[in-house]
Amino acid sequence: MFLFCFMMTTLSQTKELFRRAEAVCFDVDSTVIREEGIDELAKFCGVGDAVTEMTRKAMGGSVTFKTALTERLSIIRCSREQVNKLITDHPPQLTPGIRELVDHLHQRNVKVFLISGGFRCIVEHVATQLNIPLHHVFANRLKFYFNGEYAGFDESQPTAESGGKGKVISMLKEQYGFKTVVMIGDGATDLEACPPASAFIGFGGNIVRPQVKERCSWYVTSFGELLKELEKI
């Protein structure tokens, strides 16, 4: 049973915590980028429908994240070559307004992190576009055999587990001494990261997940709303 921080923070408190945050952590799939990376990879590998349904269950919180990830990847079984070709032929599409928001946070010396249950190879590509240092990226690592065939994923990464995003935020607070960390995302795994995050902001600009919208004090559908809040300072 998670003790969500939405119970404790009102809309005005959440806005204030966002304005004075030392670090802002973003989910990636359906938040920073428009699509779900694992679904795009599945489509590219010809198994899109089966995997999309499992993603929906995982994001709705009806199966554990690791179970859903293991099952989806065992259907996709992508090679290293397929992953590279996906990034080249269908690069992730940034959500409108994210570049401006991240630039504004960087200008204010706020540390920006990407915490994703998706794949590091795709998330690093996104981080580079947003000038986010690669050591600020936390995501799952795919494993391949020497011939490039799929060999599983690194199950030791915190992001491979339900509750993993919260573990990453705890680690960041310990490592950097952050007092105020805000998590922004669209899904159940993002909501669960608060606490240890000081506040959670739900994002519905690409997909609205009712169970997230109902359970957070501040829910936005565009990054412009967050930028506007920062411009008040």
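Buried, as the word is used here, means under 20% relative accessible area. By that cut-off, Asp 186 is buried, because its relative accessible area is 0%. The model behind this description is a predicted one, and its charged side chains make a good place to start reading it.

Side chains of opposite charge can pair when their charged atoms come close. The structure holds ten salt bridges. In one of them, Asp 27 pairs with Lys 165, with 3.0 Å from N to O. Asp 27 sits in the loop between strand S1 (23-26) and helix H2 (28-32), while Lys 165 belongs to helix H9 (residues 164-176), so this contact ties together parts that are 138 residues apart in sequence. Asp 27 is buried at a relative accessible area of 4%, and Lys 165 is buried too, at 7%.

Lys 165 also forms a salt bridge with Asp 190, where the closest N and O atoms are 2.6 Å apart. Here helix H9 is linked to helix H10 (residues 188-191), which carries Asp 190, across 25 residues. Asp 190 counts as buried, with a relative accessibility of 0%.

Returning to Asp 186, its side chain meets that of Arg 209 in a further salt bridge, at 2.7 Å from N to O. This pair joins the loop between strand S6 (181-185) and H10, home of Asp 186, to the loop between strand S7 (199-203) and helix H11 (210-213), where Arg 209 lies; the two residues are 23 apart. Arg 209 is likewise buried, at 8% relative accessibility. As for the earlier pairs, shared partners bring Asp 27, Lys 165 and Asp 190 together in one network of salt bridges.

How values were computed
Residues numbered from 1 in each chain as written. Predicted model: local features only at pLDDT ≥ 70, side-chain atom pairs only at ≥ 80, totals over all residues. Heavy atoms only, no water. Salt bridge = Lys/Arg side-chain N within 4 Å of Asp/Glu carboxyl O. Helix = DSSP H or I, 4+ residues; strand = E, 2+ residues; numbered from the N terminus. Buried < 20%, exposed > 50% of the residue type's maximum accessible area, 1.4 Å probe, protein only.
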